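Biologist: I've got a chain on my screen and I'm not sure how to read it. Could you walk me through it?
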Amino acid sequence: TGRDHARRRTVVEAVLAQVDPDALRVATRRLAAADPAPPVVPRVPLTALAGALGAREPATVAALVPPVAAAYLPGSGAAGPAADAAADELLDRLGAARAAVLVQSCLPVTAWVRTALDRGITLDEVLATAPPVPATTRWRDGETVTVPLDGIPFGEGPRRCPGVAHARALAEGVLAALRPAAP
């Protein structure tokens, strides 16, 4: 909260400002078209984003992210030595801010794309009917508070997701490659 949150957010926003969403969309589409074997998500969006963030060996970096993302929130039950080792390597390869961007994008983008594909609906329809992040948690006065995101799928105010355009670009790139073009 406060200055700590503002400082960390500024760092992440600076990282995101170096990544062009249009170029990210093109890279994601190209990767998904070249390698459509399951599981396309989260592998393809994470590989495209890792590359855009300057990672050497983007596919290797992308493979580190899912176990870290699964263990990201306290109490998730997914923490353990494998997630810790992946987090350490991710931090060594990218540093905290770029690693955070990858980790925080993993589960929401994956859910967004999978829901659109499974239901045969648009990304906006997913946001309206089955948002990938239906709620978030905050810590207030030493307690965990659940904040529903009904009608505000990317949050709002000082906690709004700073990577909305990037998340959409990743999701659109995958869908463009996997869905046949409309006549």
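Biologist: What pattern does the chain follow, read along the sequence?

Modeller: Keep in mind that this is a predicted model. Going along the sequence, you get α-α-α-α-α-α-α-β-β-α. That comes to eight helices and two strands.

Biologist: Okay, and how do people describe two packed helices?

Modeller: They use the angle between the two axes and the distance between those axes. Take helix 3 (residues 40-52) and helix 6 (residues 96-119) here: they pack at about 140°, and their axes are 9 Å apart. Angles over 145 count as roughly antiparallel, and this pair is therefore called oblique. The crossing of helix 3 past helix 6 is right-handed.

Biologist: Which residues of helix 3 and helix 6 make the contact?

Modeller: From helix 3 it's Val41, Pro42, Pro45, Leu46, Leu49 and Ala50. Helix 6 brings Val101, Leu102, Ser105, Cys106, Val109, Thr110, Val113 and Arg114. Sort the contact by class and you find eleven nonpolar, two polar and one charged residues.

Biologist: Now the whole chain. What radius of gyration would a compact globule with 183 residues have?

Modeller: Near 16 Å, and the chain has 16 Å, so the two agree. Along its principal axes, the C-alpha trace spans about 55 × 35 × 30 Å.

Biologist: How much of the chain is buried?

Modeller: Buried residues are 36% of the 183. As for contacts between residues at least 6 apart in sequence, 62% join residues at least 24 apart.

Terms used:
Residues numbered from 1 in each chain as written. Predicted model: local features only at pLDDT ≥ 70, side-chain atom pairs only at ≥ 80, totals over all residues. Heavy atoms only, no water. Axes fitted to C-alpha atoms, helices over the stretch in contact; angles between N-to-C directions. Helix = DSSP H or I, 4+ residues; strand = E, 2+ residues; numbered from the N terminus. Parallel < 35°, antiparallel > 145°, perpendicular 65-115°, else oblique. Left-handed = near helix turned anticlockwise from the far one by under 90°. Contact = heavy atoms within 4.5 Å. Nonpolar A, V, L, I, M, F, W, Y, C, P; charged D, E, K, R; others polar. Rg over C-alpha atoms; globule rule 2.2 N^0.38 Å. Buried < 20%, exposed > 50% of the residue type's maximum accessible area, 1.4 Å probe, protein only.
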